[in-house]
Amino acid sequence: MNLIKYVCLAAMTLTYSALNAQDISSKGKEFWLGFMDHSHGTGAKMDLYITSDSATTGTVYIDGAIWSTTFSITADSTTLIPVPSNIAHVPCSDCIQDKGIRIVTAKPVAVYAHIHRNFRSDATLVLPTEATGKTYRVATWNQETNSTGSERHRSQFMIIATSDNTKINITPTDNVVKASGTHPPDVKYSITLDKGEVYQGQAPGRNDDLTGTLIEVIDTGADASCKKIAVFSGNSATSLG
């Protein structure tokens, strides 16, 4: 008998292209992230786990939403912060929304994000703003089973800008759904994001895979070197046969 394990990869991977040969720490005092689409929509739970070896305090903000929460951490412990899914969830493709999540702390911390519902559960380490980069490759999963009804098994990625007027080129390896039609594979297109804005791109169906999609910040202007982004990739739901 074949057993199929369902795993939600809605916050699967932060793919940082310049990690090799650099001394990059996962601890910091500012972080940017977003929660991608989930097959259960706003029914999924979205949590942050924040830990530190020092007692400290901090605040979590969602840009564009009237929501924030303060927290404190005891040294060598972890604080759980639920994020309202009706505010943070991004359900669309080729869309820009003010749903970037910013975490600011007084002392360095490590941050993990967790999205879960029923049999679907996934978590990711979130890198601090200083460790974000300019060039990324997407990593997702090619589905091995059919999706039916309201289930959305889609390869996807999310980009979060850490500063205003960030210009980005995207070269997808498969179709990316937009309001009318798709962005075709191997054809570069551009977007511009302000600080705290997120862009989500999704493949049309379960047999489409955006793995290898190239995401690059376009260096222009006097402050070009300051333009960095955070990128997450995965699937709205994944079936592993």
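Which strands form an open sheet, and in what order? In this predicted model, four strands do so in the order E10-E17-E12-E15, and the pairing between them is antiparallel. The edge strands of this sheet are E10, which covers residues 135-137, and E15, since each of these pairs on one side only. From one strand to the next, the twist averages 20°.

The individual pairings can be followed residue by residue. At one end of the order, E10 is joined to strand E17 (residues 214-217) by three bridges, with the two strands running antiparallel, and Thr-135 stands opposite Glu-216 in E17. At the other end, strand E12 (residues 166-171) pairs with E15 over five bridges, again in the antiparallel sense, and here Thr-166 stands opposite Leu-193 of E15. The side chains of E15 alternate along the strand: Tyr-189, Ile-191 and Leu-193 point to one face and are buried, whereas Ser-190 and Thr-192 point to the other face and are not buried.

These strands belong to a chain that has one helix and 18 strands. Of its 241 residues, 49% are buried, and, among contacts with a sequence separation of 6 or more, 80% are between residues 24 or more positions apart.

Following the chain onward from E15 leads to the loop between strand E15 (189-193) and strand E16 (198-202), which is where Glu-197 is placed. Glu-197 is buried yet has no salt bridge, and the nearest side chain of opposite charge, that of Lys-227, is 11 Å away. A polar atom of the Glu-197 side chain does, however, lie 2.8 Å from the backbone nitrogen of Asp-194. Leaving aside neighbours within four places in sequence, the contacts of Glu-197 are with Ile-96, Gln-97, Asp-98, Ile-159, Ile-160, Ala-161 and Thr-192.

Strand E16 itself is mostly covered, with five of its five residues buried. The burial applies to both faces, as Val-198, Gln-200 and Gln-202 are buried on one side and Tyr-199 and Gly-201 are buried on the other. Two pairings of E16 can be traced. Strand E7 (residues 95-97) is joined to E16 by three bridges in an antiparallel arrangement, in which Gln-97 has Val-198 as its bridge partner. Strand E11 (residues 155-161) pairs with E16 over five bridges, also in the antiparallel sense, and there the bridge partner of Ile-159 is Tyr-199.

Within E16, Gln-202 is a polar residue whose surroundings can be described in some detail. Gln-202 counts as buried because its relative accessibility is 1%, which falls under the 20% limit for that class. Its side chain takes part in polar contacts with two other side chains, one of 3.1 Å with Arg-154 and one of 2.8 Å with Gln-156. When residues up to four places away in sequence are not counted, Gln-202 touches a set of residues that includes Asp-37, Pro-91, Cys-92, Ser-93, Asn-175, Val-176, Val-177 and Leu-210.

Thr-70, placed in strand E5 (residues 68-73), offers a contrasting case. Its relative accessibility of 63% is over the 50% limit, and Thr-70 therefore counts as exposed. Not counting residues up to four places away in sequence, Thr-70 touches Gly-58 and Thr-59, while its C-alpha atom is separated by 7.4 Å from that of Thr-57, a residue 13 positions away along the chain.

The count of salt bridges comes to two. In one of them, the side chains of Lys-27 and Asp-53 meet at 3.2 Å, N to O. Because Lys-27 lies in the loop between strand E1 (5-14) and strand E2 (28-33), and Asp-53 in the loop between strand E3 (45-52) and strand E4 (56-62), the pair ties together parts that are 26 residues apart in sequence. Lys-27 counts as partly exposed at 33% relative accessibility, and Asp-53 is likewise partly exposed, at 45%.

In the other salt bridge, the side chains of Arg-102 and Glu-30 meet at 2.8 Å, N to O. Arg-102 lies in strand E8 (residues 101-117) and Glu-30 in strand E2, so this pair ties together parts that are 72 residues apart in sequence. Both residues count as partly exposed, Arg-102 at 24% relative accessibility and Glu-30 at 22%.

Conventions. Residues numbered from 1 in each chain as written. Predicted model: local features only at pLDDT ≥ 70, side-chain atom pairs only at ≥ 80, totals over all residues. Heavy atoms only, no water. Buried < 20%, exposed > 50% of the residue type's maximum accessible area, 1.4 Å probe, protein only. Lys, Arg positive; Asp, Glu negative; His and termini not counted. Salt bridge = Lys/Arg side-chain N within 4 Å of Asp/Glu carboxyl O. Polar contact = N/O pair within 3.5 Å; in protein donor to acceptor, adjacent residues only side chain to side chain. Contact = heavy atoms within 4.5 Å. Pairing = 2+ DSSP bridges. Axes fitted to C-alpha atoms, helices over the stretch in contact; angles between N-to-C directions.
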